[in-house]
Amino acid sequence: MEKKFRKIGVLTSGGDAPGMNAAVRAVTRAALSRGVEVMGIIGGYRGLIHDEMINLKARNVSNIINRGGTFLYSDRCLEFKTEEGMQRAIEVCKKHEIDGIVAIGGDGTFRGATDLSVRGIPTIGIPGTIDNDITATETTIGFDTAMNTVLQMVDRLRDTCESHARCNVVEVMGRGAGDIALNTAMALGAVAVVIPEVAFDEEACMAKIRRLREDGKRSFLVIVSEGVEKFAPGLAKRIEEQTGVETKYACLAHVVRGGDPTLADRVLATKLGVAAVDQLLAGKSNLVLCQNNSQVVAVDILYSQCLDRYYKGTLKDGMLEKFSADEKAAMEKVIAEKKEEFRKYYAMVNDLAQ
Ligand code: ADP
């Protein structure tokens with residue numbers, strides 16, 4: 001028989017992302033409208049272990065849809081990865097009679113969610129990370145806002161580059177994923193982009209800058225993903241040495257993680273938040289809510305994690321064995337399409353004649 005939900009918990013965990021507040025609001029309002037109480041767990045899994053939570057009423061989530069960061073705060077909690085920490089979290093859930101949890105975060109957060117659900121606490125994940133590194137979904141909450149922030153910041157650099165006839169090499173966040181770098185490079189008309197997914201042709205980049213400078217172009221932008229570690233400062237130096245164009249290096253760092261969420265992120269957060277409550281109250285667990293082809297879909301968390309590992313080439317022995325031939329084929333199709341997209345857009349940005 002289906003379990004009757006009386007109370008759920010919601011938490012934000014791992015790296016924060018604009019739109020997390022909008023997701024918490026949607027989860028809270030959707031649950032309350034169905035007569036289910038909501039506990040807002042403070043500071044991610046740490047709050048669950050240390051029993052730090054507040055009973056959320058509609059008024060607590062008023063006026064937060066527009067705010068960056070997360071009013072529930074976030075944390076990285078190593079204690080939660082231990083059996084002892086996990087057991088304390090389960091005890092706290094029992095004490096508060098929490099029937100299920102919505103966990104908003106990235107892949108680490110989903111691993112924690114799986115651990116909770118195998119110990120009897122139904123858990124649903126919502127992808128909240130600026131990095132867009134959850135392969136099962138086309139877009140994560142915070143990704144759009146982060147890209148728009150990069151756009152605003154680098155447009156400012158462009159102004160001063162043009163005045164002084166300079167090049168600016170800009171490192172942008174994204175952890176191991178080049179999604180932010182690739183998309184913003186395209187939107188900024190960057191002369192080159194460096195991402196972890198595709199080998200960078202530095203010689204071609206230098207030749208292109210020299211050719212364009214001879215043709216009278218004054219300013220140049222190069223976007224580098226932080227996933228290509230410790231690369232951007234050296235590249236800036238080499239561009240100056242090898243092309244004669246004065247070159248500055250900038251790292252946008254955590255600036256990209258803050259700020260008011262865009263319309264796209266607020267809408268995504270709202271849709272996924274409501275869908276998460278629907279799934280939990282329908283008795284489902286161990287799912288991550290995704291948006292593909294403009295449709296919200298629920299994907300098995302283990303499938304999502306395996307897909308990520310398959311994509312990154314970090315699968316462990318036997319991981320794929322849990323999945324059917326059709327599921328494996330579906331994973332391979334998604335991976336092939338994503339890789340092809342990266343290859344195509346990398347070539348587009350780096351080869352565009354200006
Ligand atoms: P993100 O969710 O953005 O990927 P992290 O990787 O830092 O961020 O993970 C967020 C939190 O999720 C961690 O601090 C930890 O509490 C929990 N977590 C991560 N990995 C695991 C794991 N393997 N088992 C249990 N909990 C985990």
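The legends below describe close-up views of a predicted model.

**View 1. Helix H1 and its surroundings in the predicted model.** Helix H1 comprises residues 20-33, and its end C-alpha atoms lie 20 Å apart, which agrees with the 20 Å that its 14 residues should span at 1.5 Å a residue. The helix is mostly covered, with 10 of its 14 residues buried. These buried residues are Met20, Asn21, Ala22, Ala23, Val24, Ala26, Val27, Thr28, Ala30 and Ala31. The elements that cover them include the strands S1 (7-12), S2 (37-41), S3 (53-56), S4 (100-105) and S5 (123-127), together with helix H9 (263-281). Just after H1, Gly35 adopts a positive phi of about 75 degrees.

**View 2. The packing of helix H5 against helix H6.** The axes of H5 (residues 143-164) and H6 (residues 179-188) come within 10 Å and cross at roughly 45 degrees; the two helices are therefore oblique to each other. The crossing in which H5 passes H6 is right-handed. From H5, the contact is made by Phe143, Ala146, Met147, Val150, Leu151, Val154, Asp155 and Arg158, and from H6 by Asp179, Ile180, Asn183, Thr184, Ala187 and Leu188. Divided by class, the residues of this contact are 9 nonpolar, 2 polar and 3 charged. As background to the spacing of such contacts, an α-helix has 3.6 residues a turn, so residues three or four places apart point the same way.

**View 3. The packing of helix H6 against helix H11.** H6 also packs with H11 (residues 325-351), at an angle of about 40 degrees and with the axes 10 Å apart. H6 and H11 are therefore oblique to each other, and their crossing is left-handed. On the H6 side, Asp179, Leu182, Ala185 and Met186 take part, meeting Lys338, Phe342, Tyr345, Tyr346, Met348 and Val349 of H11. This contact of H6 with H11 has 8 nonpolar and 2 charged residues, with no polar residue. Asp179 of H6 appears in this contact and is also listed in the contact with H5.

**View 4. Tyr73 and Asn293, two loop residues with positive phi.** Most residues other than glycine have a negative phi, and most peptide bonds are trans. Tyr73, a residue other than glycine, nevertheless has a positive phi, near 65 degrees, and is placed in the loop between S3 and helix H3 (83-95). With a relative accessible area of 54%, Tyr73 is exposed, because the cut-off for that class is over 50%. Asn293 likewise has a positive phi, here near 50 degrees, and is found in the loop between strand S10 (287-292) and strand S11 (295-300). Its relative accessibility of 61% places Asn293 among the exposed residues as well.

**View 5. Asp133, a buried residue in a loop.** Asp133 is found in the loop between S5 and H5. At 8% relative accessibility, Asp133 counts as buried, because that class takes in values under 20%. When residues up to four places away in sequence are not counted, Asp133 touches Arg175, Ala177, Asp308 and Lys312.

Definitions and conventions. Residues are numbered from 1 along each chain as its sequence is written. This is a predicted model: local features need pLDDT of at least 70, side-chain atom pairs count only at pLDDT 80 or more; totals for chains, interfaces and linings use all residues. Side-chain values use heavy atoms; hydrogens and water are left out. Axes are lines fitted to C-alpha atoms, for helices over the stretch in contact, and angles run from 0 to 180 degrees between N-to-C directions. Helices (H or I, at least four residues) and strands (E, at least two) are DSSP runs, numbered from the N terminus. Angles under 35 degrees count as roughly parallel, over 145 as roughly antiparallel, 65 to 115 as roughly perpendicular and the rest as oblique. A crossing is left-handed if the near helix is turned anticlockwise from the far one by less than a right angle, and right-handed if clockwise. Contact means heavy atoms within 4.5 Å. Ala, Val, Leu, Ile, Met, Phe, Trp, Tyr, Cys and Pro count as nonpolar, Asp, Glu, Lys and Arg as charged, and the others, Gly among them, as polar. The expected span of a helix is 1.5 Å times one less than its number of residues. Buried means under 20% relative accessible area, exposed over 50%, partly exposed in between (1.4 Å probe, protein chains only).
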